[in-house]
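Dear colleague,

Please find below the structure that I am handing over to you. My notes on it follow directly after.

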Amino acid sequence: MNSNYKIFPNVKLGHNVIIQDYVIIGVPPKGFDPGEIETVIGDEAVIRSHTVIYAGNAIGAHFQTGHNVMIREHNVIGYNVSIGTHSIIEHHVKIGNKVRIHSQAFIPEFSILEDGCWIGPYVVLTNAYHPLCPKAKECLKGATIKIGAKIGANSTLLPDIVIGKYSLVGAGAIVTKDVPAYKVVAGCPAKVIKDVRELKCPYNLIEKPYFGSEYE
Amino acid sequence: MNSNYKIFPNVKLGHNVIIQDYVIIGVPPKGFDPGEIETVIGDEAVIRSHTVIYAGNAIGAHFQTGHNVMIREHNVIGYNVSIGTHSIIEHHVKIGNKVRIHSQAFIPEFSILEDGCWIGPYVVLTNAYHPLCPKAKECLKGATIKIGAKIGANSTLLPDIVIGKYSLVGAGAIVTKDVPAYKVVAGCPAKVIKDVRELKCPYNLIEKPYFGSEYE
Amino acid sequence: MNSNYKIFPNVKLGHNVIIQDYVIIGVPPKGFDPGEIETVIGDEAVIRSHTVIYAGNAIGAHFQTGHNVMIREHNVIGYNVSIGTHSIIEHHVKIGNKVRIHSQAFIPEFSILEDGCWIGPYVVLTNAYHPLCPKAKECLKGATIKIGAKIGANSTLLPDIVIGKYSLVGAGAIVTKDVPAYKVVAGCPAKVIKDVRELKCPYNLIEKPYFGSEYE
């Protein structure tokens with residue numbers, strides 16, 4: 001069947017990239033003409049329907065989006081990254097390799113997502129303490145999610161938070177201060193409740209349910 | 001006016017089905033060819049714009065979606081079901097009859113929504129305790145929402161939770177353990193605060209504001 | 001490049017309105033024929049891709065939507081309003097001038113957003129205490145957000161709440177009762193933690209980080 005999508009000029013697609021219907025790639029950001037800045041998407045990408053990707057992104061191989069993802073300009077995204085249905089990535093975000101962002105997450109400007117981290121569904125990162133402050137452009141600081149950390153569903157991170165490597169933020173938590181490495185935090189406001197190395201499988205299927213990936 | 005949408009092969013639409021623009025129905029899931037598995041949508045359905053429905057769904061009559069709903073494969077959905085704008089239904093979900101899912105809700109794999117239950121806007125169900133665990137595929141368990149239960153806006157349910165029949169989860173609650181039948185829970189973590197039969201109309205418009213449906 | 005969108009009859013667009021691809025404007029609400037009620041969008045509007053606007057809206061000049069915004073019927077929206085990507089505005093909502101609604105917010109029926117207020121990403125307003133109550137149509141009351149108030153990311157407001165002028169709701173808060181003017185509230189349930197006039201810039205960039213706008 002025919003596909004129906006729109007690609008602006010100066011979009012460089014790798015080999016075997018699949019683009020589904022109603023997708024738009026290479027949207028010029030404010031102040032730029034169509035094609036004025038380059039957009040690169042690596043080999044073997046799958047861009048699912050209704051997704052919008054602005055110009056000025058540099059995206060590695062084996063990239064996947066869900067449906068209706070929105071990615072603003074000037075982001076650097078590694079290889080083997082997936083961004084789930086309805087998620088929003090604002091501009092000037094750095095995303096490492098093998099990062100998985102689940103559905104309907106919000107990653108604002110100046111966030112840093114290191115290699116192998118996992119962002120659950122409906123997670124909201126923030127980057128401004130005082131919205132509409134006349135100095136807001138100078139102080140915007142997103143969260144930094146260190147290597148292998150995992151952020152549970154529908155949790156909220158305040159601006160400028162660092163989540164330590166391999167730490168786990170519980171579902172629905174409100175994270176108001178930095179989380180050290182290897183800790184589990186939960187609650188509103190989030191508090192350390194245990195070490196990730198103490199986590200047990202509730203169904204006794206595996207000895208170590210948390211450190212199973214190559215990022216251990 | 002002409003409509004502009006895409007229907008894959010082997011999609012069986014009932015009588016008087018309305019399909020709006022930029023909709024895609026019958027998307028083949030991973031590992032399947034277009035048309036390889038059947039998709040059935042019953043009579044009198046309204047599929048609103050920008051909605052995506054994968055192949056392998058069996059959906060009853062009088063189905064309605066809002067705009068830009070995303071429904072993955074292999075779900076069984078009863079009659080008189082509505083799924084609101086921007087909501088996401090993953091795969092292998094069972095949805096009973098007369099279920100209403102409001103806007104931007106998230107229903108992951110293996111969730112069970114029984115007859116007459118109500119899922120509020122931005123509700124997030126989960127199904128995995130330890131994301132990326134190598135055994136995650138074996139332990140995935142969604143929530144079970146029993147008949148007539150109602151889940152308040154922006155609440156979060158941990159994996160494998162059962163919400164008892166006719167119970168009410170307050171807006172924004174984080175539900176970390178099962179809720180018995182007929183209870184109201186609220187807070188983070190959610191605690192039982194009263195029985196649903198004690199609920200009063202704050203405006204004195206009706207004697208019993210909660211048990212007004214045919215599901216009493 | 002050609003654009004691909006759909007405009008129903010009786011849509012009155014001002015000067016220099018930009019409409020991106022896969023947009024639909026003037027969708028007839030239930031019980032109305034196409035073009036039966038007027039839709040007005042003022043000068044210099046930018047309607048970004050995949051957005052859906054129903055008929056019966058009266059929208060002022062310099063309106064902006066993000067991508068995939070959904071706006072139901074019978075709303076009155078002032079000038080210089082922006083509504084972010086994936087946000088949902090239901091029907092019979094009043095939005096003043098210079099209001100900014102960020103990404104993926106939910107504004108239900110009968111909400112009132114006064115001049116200069118700010119709604120953060122993923123904010124959820126509600127309007128019904130008892131879903132599916134047979135009298136629900138009579139008691140629906142949305143929140144009222146007074147002039148210049150700011151509602152933090154991923155917070156939830158219960159029905160019929162008034163947020164006082166210039167007040168600030170912290171990220172992730174669950175607001176269960178009215179908030180007086182000039183207060184900062186946070187937590188679940190939200191409690192007053194300070195006065196907005198006590199807020200300090202965490203980076204020492206400015207004396208008053210909160211009252212910097214023309215709405216002081």
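C:Thr144 has C:Val162, in strand 23 of chain C, as its bridge partner. This belongs to a predicted model, so please read what follows in that light.

The pairing around that bridge is as follows. Strand 20 of chain C, which covers residues 144–145, runs parallel to strand 23 of chain C, and two bridges join them. Both strands belong to an open sheet of eight strands in chain C, with parallel pairing and the order 2-5-8-11-14-17-20-23. At the edges of this sheet stand strand 2 (11–13) and strand 23 (162–163) of chain C; each has a single partner strand, so one side of each is left without a neighbour in the sheet.

Turning to the nonpolar interior, the largest nonpolar core comprises 188 residues. The residues with the most contacts inside this core are Val169 and Val175 of each of the chains A, B and C, namely A:Val169, A:Val175, B:Val169, B:Val175, C:Val169 and C:Val175. For B:Val169, leaving aside residues up to four places away in sequence, the residues touched are B:Ile151, B:Gly152, B:Ser155, B:Ile163, B:Val175, B:Val179, B:Val185 and B:Ala190. B:Val175 therefore appears both in that list and among the residues with the most contacts inside the core.

The relation between the chains comes next. A turn of 120° with a shift of 0.0 Å along the axis lays chain C on chain A, at an RMSD of 0.0 Å. The two copies are thus related as by a three-fold rotation axis. They use different surfaces, since 16% of the contact residues of chain C recur in chain A. Chain B can likewise be superposed on chain A by a rotation of 120° and 0.0 Å of shift along its axis, with an RMSD of 0.0 Å. Here too the copies use different surfaces: 20% of the contact residues of chain B recur in chain A.

As to the contact between chains C and A, chain C contributes 31 residues and chain A contributes 25 residues. On the side of chain C that touches chain A, 15 residues are nonpolar, 14 are polar and two are charged.

Finally, on confidence, chain A has a mean pLDDT of 95, with 96% of its residues at 70 or more. For the complex, the predictor gives an ipTM of 0.95 and a pTM of 0.97.

With kind regards

Technical notes:
Residues numbered from 1 in each chain as written. Chains lettered and ligands numbered in written order. Predicted model: local features only at pLDDT ≥ 70, side-chain atom pairs only at ≥ 80, totals over all residues. Contact = placed C-beta atoms within 7 Å. Nonpolar A, V, L, I, M, F, W, Y, C, P; charged D, E, K, R; others polar. Least-squares fit on C-alpha atoms with pLDDT ≥ 70 in both. pLDDT = per-residue confidence, 0-100. Core = buried A, V, L, I, M, F, W, Y, C linked by C-beta atoms within 7 Å. Buried ≥ 20, exposed ≤ 12 C-beta atoms within 10 Å, placed from the backbone. Pairing = 2+ DSSP bridges. Helix = DSSP H or I, 4+ residues; strand = E, 2+ residues; numbered from the N terminus.
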